[in-house]
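Reader: I have a new structure in front of me, and I would like to learn how to read it. Could you take me through some of its features, one by one?

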Amino acid sequence: MDTNAYLRSHIRTVPDWPAPGVQFRDITPLLQDPKVFRVLIDTFVHRYMDPALKPTVVAGLDARGFIIGSVLAYELGVGFVPIRKKGKLPFTTVEETYELEYGSATVELHTDAVKAGDRVLLIDDLIATGGTMMAGRRLLEKLGAEVTEGAAIVDLPELGGSEKLRGSGLPLFTLVHFAGH
């Protein structure tokens, strides 16, 4: 079995959550089994150890992007910065509001989290509509950093997020694609 199929086999689908008709892709089984978690992290590490792709900073999106991003940053020997939901960071922040299917949300980043010229890998667990990753990218760029790639475990291409992100010029790397949503 190839790596992507192996990881896919450990992602749980929860029907009708959080709303009827939604097929929720739950990554927690990937984290619970130490062998599976190692394969997941190693897949990202092997990609980003390549000198052409290696970031100077990994930024993780609230909250599951923290899990993967912080471990990946540790393994790569670079810093990690969290991009949080509004009101969760204690220091001076910049913020970015983005549209959701029903309403909007705001994410924040400490003003000293990155510096001009940093090469940032932006990571999350899943790409759906792409709004969160796009907002994270805009925050990092406001501070002068370059987002070299967006990465996620799961892509839900039918929701259009990955197409929107790539259309904006952001290279993407995802491990598992699920049809439907």
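Author: Gladly, and let us begin with a single residue. Ile-127 has a relative accessible area of 2%, so it is buried; that word stands for under 20% relative accessible area, with exposed for over 50% and partly exposed in between (1.4 Å probe, protein chains only). Before going on, please note that this is a predicted model, in which local features need pLDDT of at least 70 and side-chain atom pairs count only at pLDDT 80 or more, while totals for chains, interfaces and linings use all residues. Residues are numbered from 1 along each chain as its sequence is written, and side-chain values use heavy atoms, with hydrogens and water left out.

Reader: Where is Ile-127 found, and what is it in contact with?

Author: Ile-127 belongs to strand β7. Strands (E, at least two residues) and helices (H or I, at least four) are DSSP runs, numbered from the N terminus. Contact means heavy atoms within 4.5 Å. Setting aside neighbours within four places in sequence, the contacts of Ile-127 include Met-133, Ala-152, Val-154, Leu-165 and Leu-172.

Reader: How do I read the pairing of strands, for example around β3?

Author: Look for bridges: two strands pair if DSSP finds at least two bridges between them. Here β3 and β4 run parallel and are joined by five bridges, and Gly-60 has Pro-82 as its bridge partner in β4. Between these strands the chain passes through α4, making a right-handed β-α-β crossover. Right-handed means that, with the strands pointing away from the viewer, the path from the first strand over the helix to the second runs clockwise. β3 is also joined to β7, again parallel, by four bridges, and there Val-57 is partnered with Val-120.

Reader: Which residues of β3 point which way, and are they buried or exposed?

Author: Val-57, Ala-59 and Leu-61 point one way, Val-58 and Gly-60 point the other way, and all are buried.

Reader: How many residues does helix α4 have, and what span is expected?

Author: The expected span of a helix is 1.5 Å times one less than its number of residues. Helix α4, residues 64–76, has 13 residues and reaches 19 Å from its first C-alpha to its last, close to the expected 18 Å. Its buried residues are Gly-65, Phe-66, Ile-68, Gly-69, Leu-72, Ala-73 and Leu-76. Among the elements that cover them are α2, α3, β3 and β4. Just after the helix comes Gly-77, with a positive phi of about 75 degrees.

Reader: What is the end-to-end distance in helix α5, and what follows that helix?

Author: Helix α5, residues 131–142, has twelve residues that should span 16 Å, and its end C-alpha atoms are 16 Å apart, which agrees. After α5 comes Gly-144, whose phi is positive, near 95 degrees.

Reader: Which peptide bonds should I look at in the loops?

Author: Try two that are cis. One runs from Trp-17 to Pro-18, with omega near 5 degrees, and Pro-18 is found in the loop between β1 and β2. Another runs from Asp-62 to Ala-63, with omega near 0 degrees, and Ala-63 is in the loop between β3 and α4. While you are in the loop between β1 and β2, find Asp-16 as well. Asp-16 is not a glycine, yet has a positive phi of about 60 degrees. Its relative accessibility is 48%, so Asp-16 counts as partly exposed.

Reader: How many aromatic pairs are there, and how are such pairs described?

Author: A ring pair is described by the distance of the centres and the angle of the planes. Rings of Phe, Tyr and Trp (its six-membered ring) pair if their centres lie within 6.5 Å; planes under 30 degrees apart count as stacked, over 60 as edge-to-face and the rest as tilted. The whole structure holds four aromatic pairs. One of them is edge-to-face, Phe-44 with Phe-173, at 5.9 Å centre to centre and 80 degrees between the planes. That pair links helix α3 with strand β9, 129 residues apart. Both Phe-44 and Phe-173 are buried.

Reader: What sits over the ring of Phe-173?

Author: The charged end of Arg-47 does, 4.1 Å from the ring centre. The rule is that NZ of Lys or CZ of Arg is within 6 Å of the ring centre and within 35 degrees of the ring normal.
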